[in-house]
Amino acid sequence: MNKPLTAAVSPLHGRLALGGIGLAVAISIDLHLRLSGQVSPVWQTLSEYVYGKLGHGSAAPLFSVMCLALSLGSVALLAGIAKAHRPGTTAVCVLLGVWSAGLLVCGLVPVDPDGQARSTAGQVHNLAALTAFVVLPAAAFVLTKQGRERCPWEPRRTTIRRLAAASFASVGVVLGGFVLTLVLGPANQEVTLGLFERLLFTIDVALLLTMVRPLLAVSRR
């Protein structure tokens, strides 16, 4: 017996979310390709692209646009989830709002240059990034809480929660490596922060796209 179909939650918000996320990914790939000789994808974080040079200009504006695009795409996802009017929606929207705000701060406030003393602005950037990367998987877990069979995200619950768990694990590795670098110093850095942060970024993009899908696609309950 076929299960009844569940209509797409909000195709408009879904398309806006995909547009923002897609633009952010495209810019990220562009920065990786054009700044491959300036920023190490293994040892340096994504935030350090802000100090790259594209021709005679700075890469900082392009990095800011990447963060803004991902933030706006996430806001569109937030709006689509809010439209679903499901239990727990408020908590999910608050967490996604914090994630989006954290991305915006990361795009506007640069990280400290590699090897230089920690500044207030750099600490704000680091705190915003850490907060954002923690609350996104938390939002995913709240969104897929058990007992919500009629929730549009229920058919993708397992995938979303696995990606969220992987995101939490990656945050732990990145944070641990960052603390280790502070203790030992950059010269004795043992953990490839850049590589693990890019893994975290990839997981979080996959998580966002999986969360976006019910906004666009008809599914079976």
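**Entry 1. Elements and confidence**

I take helices as DSSP runs of H or I with at least four residues and strands as runs of E with at least two, both numbered from the N terminus. With that rule I place Gln44 in the loop between H1 and S2. I note at once that the model is predicted.

I looked up the secondary structure and found six helices and four strands in the protein. Read from the N terminus, the order of the elements is β-α-β-β-α-α-α-α-α-β.

I then checked confidence. The mean pLDDT of the protein is 87, and 86% of the residues score at least 70. Among the elements, H1 has the highest mean pLDDT, 96, and strand S4 (residues 219-220) the lowest, 54. Predicted coordinates should not be read in detail where pLDDT is low. I therefore apply that caution to S4, with its mean of 54.

For the protein as a whole, I recorded that 43% of its 221 residues are buried. Among contacts between residues at least 6 apart in sequence, I recorded that 73% join residues at least 24 apart.

**Entry 2. The loop between H1 and S2**

I examined two residues of this loop, Leu35 and Gln44.

Leu35 lies between H1 and strand S2 (53-54). I asked myself whether Leu35 is buried or exposed. Leu35 is buried, because its relative accessible area is 0% and the limit for buried is under 20%. Setting aside residues up to four places away in sequence, I listed its contacts as Tyr49, Gly52, Lys53, Leu54 and Ala59. For one of these, Leu54, I also noted the C-alpha separation from Leu35, which is 7.6 Å across 19 residues of chain.

Gln44, in the loop between H1 and S2, has a relative accessible area of 19%. Gln44 therefore counts as buried, the cut-off being under 20%. Its side chain makes a polar contact of 3.1 Å with the side chain of Glu48. Not counting residues up to four places away in sequence, Gln44 touches Gln38, Val39, Gly194 and Arg198.

**Entry 3. The second largest pocket**

I followed Arg198 from the contacts of Gln44 to the lining of the second largest pocket, where Arg198 also appears. The space in this pocket is about 150 Å³. I listed its lining as Val25, Ser28, Ile29, His32, Leu33, Leu46, Arg198, Phe201, Thr202 and Val205.

Which helices each supply at least two residues of this lining? They are helix H1 (11-34) and helix H6 (193-216). H1 gives the most, with five residues. By class I noted six nonpolar, three polar and one charged residues.

**Entry 4. Helix H6**

I looked up two residues of H6, Leu199 and Thr210.

Leu199 is in helix H6. Leu199 is partly exposed, because its relative accessibility of 40% falls between the limits of 20% and 50%. I noted that its C-alpha atom is separated by 9.7 Å from that of Ala166, 33 residues apart along the chain.

Thr210 is also placed in helix H6. With a relative accessibility of 16%, Thr210 counts as buried. Its side chain reaches the backbone oxygen of Ala206 at 2.8 Å. Apart from neighbours within four places in sequence, I found Thr210 in contact with Arg156, Thr159, Ile160 and Leu163.

**Entry 5. The largest cavity**

I next looked for enclosed space. Rolling a probe the size of a water molecule over the atoms shows where empty space is left. The count is three cavities of 30 Å³ or more. The largest cavity holds about 190 Å³ of space. Of its 14 lining residues, Phe63, Cys67, Leu103, Cys106 and Phe133 are the closest to its centre.

I noted that helix H2 (60-84), helix H3 (89-108), helix H4 (120-143) and H6 each supply at least two residues of this lining. The lining divides into eleven nonpolar, two polar and one charged residues.

**Entry 6. Ala128 and Cys106**

From Cys106, one of the residues closest to the centre of the largest cavity, I went on to Ala128 in helix H4. What is the C-alpha to C-alpha distance between Ala128 and Cys106? I recorded 6.5 Å, for residues 22 apart in sequence. Ala128 is buried at 12% relative accessibility. Not counting residues up to four places away in sequence, Ala128 touches Gly102, Val105 and Cys106.

Technical notes:
Residues numbered from 1 in each chain as written. Predicted model: local features only at pLDDT ≥ 70, side-chain atom pairs only at ≥ 80, totals over all residues. Heavy atoms only, no water. 1 Å grid on protein atoms, 1.4 Å probe; cavity = no way out; pocket = protein on both sides within 12 Å on 5 of 7 lines; lining within 4 Å. Points joined across faces, edges and corners; volume = space filled by probe spheres on them. Nonpolar A, V, L, I, M, F, W, Y, C, P; charged D, E, K, R; others polar. Buried < 20%, exposed > 50% of the residue type's maximum accessible area, 1.4 Å probe, protein only. Contact = heavy atoms within 4.5 Å. Polar contact = N/O pair within 3.5 Å; in protein donor to acceptor, adjacent residues only side chain to side chain. pLDDT = per-residue confidence, 0-100.
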